[in-house]
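Please look over the structure shown below before reading on. The notes that go with it concern charged side-chain pairs, backbone geometry and one helix.

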Amino acid sequence: MSTPHSGTPAAGVEVCAVVLAAGEGTRLRPLTERVPKALCPVGNVPLLDRALARLAGLGLTGPQRVAVNACYLGDQVVARVGGRAHLSVEPDAPLGTAGGVGRLRDWIAGRGVLVGNADAYLADPQAPPGPDIAALLDGWDGHGVRLLGRPADDPDAPGTFAGHDFVGFSLLPWRLVRDLPATFGDLVRAVWRPAEAAGALTVVPYRGTFYDTGTPADYLAANLHAAGPGGLVDPAATVDGRVRASVVGAGARVHGDVDRSVVWPGATVAAGERLREVIRAGDDLTVPAAR
């Protein structure tokens, strides 16, 4: 096992964190017509809660050190966050990854910022959430840009960074954040590619599993990974049907046959129904999720 990382920047470098949770999750529709993507459960835990737990594992907690942005179905995000983080509710339409950070400039106020996508599912069997990404922060001098990545299948493909795919977390210096406007924009064009061109971007490899959960297939894969081979059934679910290698949420009622699927909290699978590689929400919504 490799030496654990402390997640400590260089002396005098202060870091806060922003979780991006404003997006619509269009590729997950119609699931996200009911719940914002950041609150979709993976392994019966909302993605946003997983992101906040990972930051807590780095010692980043509370509204002075953690912010969450919200827009689409923002009331649900605001209610879920409560007092756990500073909230930035974007009016009208989401501002994108750069605009969301830019709108928080006054809150960031001179600090470096660890930016995480709420929809990133990460799991490292050798380290708990937080320590698994601590290498991003280790010894950081507050000047360069760091991205968490994993080797790409095609290292030369567009969208890669030093032969790696981005896996949900980046570390940005104040010198670049302070100039971001609170208007629509993305971090790729506004920060990452210019930093790369200037020789100021470093990719930190992530050794664990990553899914961006943006499509039904990846969302299902993340759930099945979180559940493990035996599946995961919440103790508050009612199951008198058959469940194999699936995730069943609290208050769900399973009277039929469920295989390699996700049954959301409070959802129903009627007697005689056979679900395979789908997501079931409520009593009536079934979203195919096979690759």
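What follows is a short briefing, grouped by topic.

The coordinates come from a predicted model, and every value quoted here is computed from it. The structure holds 19 salt bridges, of which a few are described below, followed by some backbone features and a description of helix α7.

**Salt bridge between two helices**

- R80 and D49 form a salt bridge in which the closest N and O atoms are 2.6 Å apart.
- The pair links distant parts of the chain, since R80 belongs to helix α2 (residues 74-81) and D49 to helix α1 (residues 47-56), with their positions 31 residues apart in the sequence numbering.
- The two partners fall into separate accessibility classes: R80 is partly exposed, with a relative accessible area of 39%, whereas D49, at 14%, is buried because the cut-off for that class is under 20%.

**Salt bridges between strands, and their network**

- The side chains of R244 and D257 meet in a salt bridge with an N to O distance of 3.1 Å.
- R244 lies in strand β14 (residues 242-244) and D257 in strand β17 (residues 257-259), so this pair ties together parts of the chain that are 13 residues apart in sequence.
- R244 counts as partly exposed at 26% relative accessibility, while D257 counts as buried at 11%.
- A salt bridge also joins D259 to R276, with an N to O distance of 2.4 Å.
- Here too distant parts of the chain are linked, with D259 in strand β17 and R276 in strand β20 (residues 274-276), 17 residues apart.
- D259 is buried, its relative accessible area being 14%.
- Through shared partners, salt bridges join R244, D257, D259, R260, R274, R276 and E277 into one network, and this network therefore takes in both of the pairs just described, R244 with D257 and D259 with R276.

**Backbone features in loops**

- The peptide bond from R29 to P30 is cis, with omega near 5°, and P30 is found in the loop between β1 (15-20) and β2 (41-42).
- L73 is not a glycine, yet its phi is positive, at about 45°.
- The position of L73 is in the loop between β4 (66-70) and α2, and the residue is partly exposed, with a relative accessible area of 28%.
- T213, likewise a residue other than glycine, has a positive phi near 55°, and its place is in the loop between β11 (209-211) and α7 (216-227).
- At 0% relative accessibility, T213 counts as buried.

**Helix α7**

- At 1.5 Å a residue, the 12 residues of α7 should span 16 Å, and the end C-alpha atoms are 16 Å apart, which agrees with that expectation.
- Of the 12 residues of α7, 10 are buried, so the helix is largely enclosed by the rest of the structure.
- The buried residues of α7 include P216, A217, D218 and Y219 towards the start of the list, and L220, A221, A222, N223, L224 and A227 complete it.
- An α-helix has 3.6 residues a turn, so residues three or four places apart point the same way.
- Just after α7, G228 takes a positive phi of about 80°.

Conventions: Residues numbered from 1 in each chain as written. Predicted model: local features only at pLDDT ≥ 70, side-chain atom pairs only at ≥ 80, totals over all residues. Heavy atoms only, no water. Salt bridge = Lys/Arg side-chain N within 4 Å of Asp/Glu carboxyl O. Helix = DSSP H or I, 4+ residues; strand = E, 2+ residues; numbered from the N terminus. Buried < 20%, exposed > 50% of the residue type's maximum accessible area, 1.4 Å probe, protein only. Expected span 1.5 Å × (residues − 1).
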